[in-house]
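Work through three short exercises on the structure below. Try each task before reading its solution.

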Amino acid sequence: MAKPKTNLHQSNLFAVHKKDNEAVIALAGNPNVGKSTVFNMLTGKNQHTGNWAGKTVGMAYGRCGYAGKKYIITDLPGTYSLMTHSKEEEVSRDFLCFSGCDAVIAVCDATCLERNLNLVIQICEITKKVVVCINLMDEAAKKGIEIDTERLEKMLGVKVIAVSAAQGKCGDIIMSAAADVIARKASEFNIVEYDDKTEYVTELVSKALNDDMTVSRRYAALRIIEDKTGNTAGTSRLIREYAEAHAGSIEFLNDRIQAAAEFLAENNISQSDTEDLVTEAILHTAEKICKECVSFKNDNYNECDRRIDRIITSRRFGIPIMILMLGIILYITIIGANYPSEFLSRHLFALEEPLYNMLSYISVPEHICDMTVYGVYRVLAWVVSVMLPPMAIFFPLFTILEDVGFLPRVAFNLDKYFKKVCACGKQSLTMCMGFGCNSVGIIGCRIIDSPRERLIAMITNSFVPCNGKFPALITLISVFFVFSDNRIAAALQSSVIITMIILGGIAVTLAASLLLSKTVLKGIPSSFTLELPPYRKPQFAKVIIRSILERTIFVLARAVIVSLPAGLIIWILSNCGSGGVSFLKYMTDFLDPFAVIMGLDGVILAAFILGLPANEIILPLILMAYLANSNLTDISDLSLIRNILSDNGWTIKTAVCTIAFYMMHWPCSTACISAYKETKSIKQTFAVFALPTLFGICVCMLLNFVLGIFI
């Protein structure tokens, strides 16, 4: 008996919430081909783009209108294939098969079309409702690459257009092609010719399937055959269920599948051979098409990039250049943030008295005035004055390195070290994301396929300092380790020291990854393909706007939101108590015996605990407790800070242990929330919180013991 047909392609797993008469267009392509740029241009969204692979780690949706009709544009994760060897490939493949999308725009890079055609051909195997959008034609022209789009369209059997999305003004061309593809009937055209045996078994199974499938019968038959031979990486249960739902008879389909498996066994085609034969045929077809459609005026068009890579990615110069670039960015950030930080601090704190007087004037009770001004507002003023300037400098510089193409080279240089500690090379990418915000780094860990390696990356992500830690680290370094009165010289010394500290954090990341891999999270490191994109001239105006609006303001808003209640709690703890002693004093006295073992004191440890919502408020809280004041203190005067800390027993050893604990302690509350959203596990979220803290406690105890011998 035939199984009742189901609308599996409209499953809630892949459903797009459509309004009346809206068509769904999927945007697919390799990483780093300008897919997100096309998405932003079509939808008006401002999704972040970057010159490195793996930027889009999820699906984005947007709406647009063209010629009186409405469309939903779905930006799929960037993939090199649909063989489902990674989560990105599985998500993209399943969406193309089961979402019921009306058309697919396959974005390609004109400078390396052959590699892109591997994915395009696989998409065309699923559906012929495809527009091949060859992007970056301007870069191809500069390199002397010419593409015969008419010949390419004839060989692929689908619509082909050539654009330069970064220059804009090509949205109508893309949407016109997509609308035309949606309106016309899909052609029956097989691009790939497999070997005789594969063609035979494919035809054998496909004849058991009905014509009403949204997925090509040929494609479904290939995936079922791969699954039947044991190669489950090439398919999923959804393909089989979908085929059964669209078969005239399940018994007939099963007979055909069994006959295909027996035929392959008789011809000594093993379980892994099936997918290898299919992949080989696709690659051969892509190579054949490019030979006929792509010509080069200069065969050495990418020689300049390769020469630069021979230096930047070399064993001798790769790591030193990476360290030098990090030091330069930190130096520019430190020297550039001094003046705006002082300006903001001076003017924001100057508003305290007028604000207090205004609240008093409207008859607000005195304790409410104190709580609002010296608790909530002062924390807010400190976070803004300290965080905004370095972020407004660091993020644009970091984004420029992305656009140039330097960051993928950093990941390439670090990949071998992560492999040696049994971790995934993609962890180097998520670690780079953590420099801006550990929460962003944790979210970025979803690009890592292995759950074991993903959890290792989340746990160790807080070992690199986020933007919220930089101000306090720079302040403590300037107070205890920099003695020059010259601003430029002091900034240079600070940048060198903090660079060494960051390198120490990277070393701890590798050591912790190795320890976790050999103990509680044992496993073999997985491999991944990292594309080294071409070097490109950064678009400075877009970089500044994008980094300030999308990154700086976003992170600052997060810090402000979590700091407001923190300021209120701090004020209550410091102003309420019993017997003339504040709750904050009780807390610091209780923590002091344990903190001393770590080279700290109760005040420092209490500040870290109360600074859970935002790392930016830890240092001012330390000063407030030392002064026994009822509110946070403006700490823009370094000499005043040095005197306050020294008067309360701080030494070089205390500063070293505090900096070490700054580098290695629990993530902030936002990062913890992000970890829970990513893992959906309280146990794993606790590991992300507790294990870095355990590492930090052990390192501080060791430093306290060693330094106690020499100091």
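The exercises cover a cavity, a helix and a loop residue.

This is a predicted model; local features need pLDDT of at least 70, side-chain atom pairs count only at pLDDT 80 or more, and totals for chains, interfaces and linings use all residues. Numbering runs from 1 along each chain as its sequence is written, and side-chain values use heavy atoms, without hydrogens and water.

**Exercise 1.** Describe the lining of the largest cavity.

Solution.
- A cavity is a set of points on a 1 Å grid over the protein atoms alone where a 1.4 Å probe fits but cannot get out; lining residues have an atom within 4 Å of a point.
- Lining residues number 17, and Met322, Leu326, Leu407, Val410 and Phe435 lie nearest the centre.
- Helix H13 (318–350) is among the elements that give two or more residues. H13 gives the largest share, five residues.
- By class, the lining has 17 nonpolar residues, no polar and no charged.

**Exercise 2.** Check the length of H21 against its expected span.

Solution.
- H21 has 32 residues. The expected span is 1.5 Å times one less than the number of residues.
- H21 should therefore span 46 Å, and its end C-alpha atoms are 46 Å apart, which agrees.

**Exercise 3.** Place Gly523 and find what it touches.

Solution.
- Gly523 sits in the loop between H21 and helix H22 (540–575).
- Its contacts (heavy atoms within 4.5 Å) are Cys422, Arg452 and Ser517, not counting residues up to four places away in sequence.
- Gly523 and Ala423 are 100 residues apart in sequence, yet 8.6 Å apart in space, C-alpha to C-alpha.

Definitions and conventions. On a 1 Å grid over the protein atoms alone, a cavity is a set of points where a 1.4 Å probe fits but cannot get out, and a pocket is an open set with protein on both sides within 12 Å along at least five of seven lines; lining residues have an atom within 4 Å of a point. Helices (H or I, at least four residues) and strands (E, at least two) are DSSP runs, numbered from the N terminus. Ala, Val, Leu, Ile, Met, Phe, Trp, Tyr, Cys and Pro count as nonpolar, Asp, Glu, Lys and Arg as charged, and the others, Gly among them, as polar.
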